[in-house]
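Good morning, colleagues. Please bring the model up on your screens, and I shall go through some helix packing and one residue.

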Amino acid sequence: MMQRGGWLRRVDDTGVPLGVARLVLGGMFVFMGLSKALDPIDFLKFVRMYDILPETPPYFLNLTAVILPVLEVVCGVALLLGVAVRGAGLTLFGMLLVFTAALISQSLDIHAAKPIAYCDVRFDCGCGTGEVYICRKLAENAALTLLALLASLSRSRRFCLSAWLSRVSLSTDPERSWAAGS
Amino acid sequence: MARIATQTFVEIAVLMAVSVAVGLGVNTARQDNQSVALARNYFARPDAVRTVLPAGAPAEALSEPATGASTEFAGSYLGVHRAKFDEVRSWFEDPKLTAGLHVFVDARDQGLFDSGRIPGAVLVDHYRSDRYLPDALNILLPAERVIVYCHGGDCEDSIFLSHTLIENGIEPDHIYVFEGGYEEWEAQGMPVERTEWSS
């Protein structure tokens, strides 16, 4: 198995890359999601600022403001616990792609309106971390996107609650233990 | 491979379902005045604001705006007036202010209102107007001039609040939107009022 996968597989099998990705990505999204969920009306204004969703009917904007922060927290918690890791990773990967595209669009608008260098563009992106410099935020998003991709693709389940639950389930079910050859 | 794809799809569906259930549940249950009214359009205004000038729009809609203000005064379509700093200052110094005939309305949130406001301003946070309007209307309905402001710059909350005030019986002709907002008021060295918190 190790020969088939090469060194990438061997590193992945240690569970360390996935563990780091889960901790960093999960921790960040729990923090950012909670800061938005605590003031959904403030977040609603940011959702509208990006001009992605229609203003009428109001359900699009309002439901996004209510559900999106919770989705971030739920995915973050899933990663931290190590359950539904691939699903949470893929969901955050998709969200990060959309967020980054929206950030780039908004920052280009600001840059076009102000005679400043692109990296000097600074605004509150509604990301839950206050005002940010755009280049720093894009670098942060790129790193988080890579971690989300890693969480989606990793085959390791070491240090994951789901793996522990599977082992417990196998050991308490004689029929499945036998079938699994353990 | 197909098994992994199916499992991932199920995981995503479960995560989404949990988020929708928790999000809607918390939004319904929360008592801290932070819940979002799902059916409410918080950004309501006439369609014309984003399209073309309607026939008979006030001439001031086409006038040159103050520095930093939008070139198109959205409030014109509501029939409300745009107010410049010098006008606002004269209304602030007018004895009608103390008589309650000139009233300043702060459309920002409680935190910003507490950290600094135009003295005597009434708080009507546009996004939580249901909470503030019942009391505020007693003060606003008899007023000759209702001067609405928010942060300033590209802030639109004073326009949105003007729309809400009109819906609640305030004459559009009595409403003046101070586009420079609190930012310009403070920058011009005008007096401000803050909420003092006792420890």
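Helix 2 (residues 16-37) and helix 4 (residues 59-81) of chain A come within 7 Å at their axes and cross at roughly 155°, so helix 2 of chain A and helix 4 of chain A are roughly antiparallel, a class for angles over 145 degrees. Axes are lines fitted to C-alpha atoms, for helices over the stretch in contact, with angles running from 0 to 180 degrees between N-to-C directions. Helices (H or I, at least four residues) and strands (E, at least two) are DSSP runs, numbered from the N terminus.

This is a predicted model, in which local features need pLDDT of at least 70 and side-chain atom pairs pLDDT 80 or more, while totals for chains, interfaces and linings use all residues. Residues are numbered from 1 along each chain as written, chains are lettered from A and ligands numbered from 1 in the order written, and side-chain values use heavy atoms, without hydrogens and water.

Helix 2 of chain A also packs with helix 6 (residues 134-153) of chain A, at about 125° with axes 9 Å apart. Among the helix 2 residues meeting helix 6 of chain A (contact: heavy atoms within 4.5 Å) are A:Leu25, A:Phe29 and A:Met32. A:Leu25, A:Phe29 and A:Met32 are also among those meeting helix 4 of chain A.

Now to chain B. B:Asp106 lies in strand 2 (residues 102-106) of chain B. Is B:Asp106 buried or exposed? B:Asp106 counts as buried (under 20% relative accessible area, 1.4 Å probe, protein chains only), because its relative accessibility is 0%. Beyond neighbours within four places in sequence, B:Asp106 contacts residues including B:Arg117 and B:Tyr149.

Methods
Parallel < 35°, antiparallel > 145°, perpendicular 65-115°, else oblique. Buried < 20%, exposed > 50% of the residue type's maximum accessible area, 1.4 Å probe, protein only.
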